[in-house]
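Good morning, colleagues. I should like to present one structure today, beginning with its overall build and then turning to its charged side chains.

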Amino acid sequence: MTEKEMIEKIEQLEKRIAELEKNVAYIQEDIYEFVEEENEHECSGHCSHCKECED
C-alpha cells in the first residue's frame, strides 16, 4: 500500500469515526429522553400533584 493509499484510507476511517460518534450521540440522546419519559410515569410516593396515586 502506498503512502497516498494509506492517507486516503485514514481519511475514510476518520469520516466513518465522525459518523459513528454522531450516531452514538443520537442514541445517547434517545436513551436519555426514554429514561426521562419512563420516570415521569412512575409513582415515587404519595403526593398532592401525582395523579398516579389516585388511580
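**Fold, surface and charges**

The protein chain has one helix and zero strands in its secondary structure. Please bear in mind that this is a predicted model.

Let me begin with the surface. The protein chain has 55 residues, and 2% of them count as buried. Its accessible surface is about 5,600 Å², and carbon and sulfur atoms account for 53% of that area.

I turn now to the charged side chains. How many salt bridges does the count come to? The count comes to one. In that salt bridge the side chains of Arg 16 and Glu 19 meet, at 2.9 Å from N to O. Both Arg 16 and Glu 19 belong to helix H1, where they are three residues apart, about one turn of the helix.

Are these two partners buried, partly exposed or exposed? Arg 16 has a relative accessible area of 42%, and therefore counts as partly exposed. Glu 19 is likewise partly exposed, because its relative accessibility is 41%.

The next feature is a patch of like charge. Glu 5, Glu 8, Glu 11 and Glu 14 form a negative surface patch. Of these residues, let me take Glu 5 as an example. Glu 5 lies in helix H1, which covers residues 3-41. With a relative accessibility of 41%, Glu 5 counts as partly exposed. That value passes the patch criterion, because patches are made of residues with over 30% relative accessible area and no salt bridge.

To close, I would draw your attention again to the two charged features: the salt bridge between Glu 19 and Arg 16, and the negative surface patch that includes Glu 5. Thank you.

Definitions and conventions: Residues are numbered from 1 along each chain as its sequence is written. This is a predicted model: local features need pLDDT of at least 70, side-chain atom pairs count only at pLDDT 80 or more; totals for chains, interfaces and linings use all residues. Side-chain values use heavy atoms; hydrogens and water are left out. Patches are made of residues with over 30% relative accessible area and no salt bridge: like charges are joined within 9 Å, nonpolar side chains (Val, Leu, Ile, Met, Phe, Trp, Tyr) within 5 Å. Accessible areas come from the Shrake-Rupley method with a 1.4 Å probe; for residues, only the protein chains shown count as cover. A salt bridge is a side-chain nitrogen of Lys or Arg within 4 Å of a carboxyl oxygen of Asp or Glu. Lys and Arg count as positive and Asp and Glu as negative; His and the chain ends are not counted. The place of a charge is taken as NZ of Lys, CZ of Arg, CG of Asp or CD of Glu. Helices (H or I, at least four residues) and strands (E, at least two) are DSSP runs, numbered from the N terminus. Buried means under 20% relative accessible area, exposed over 50%, partly exposed in between (1.4 Å probe, protein chains only).
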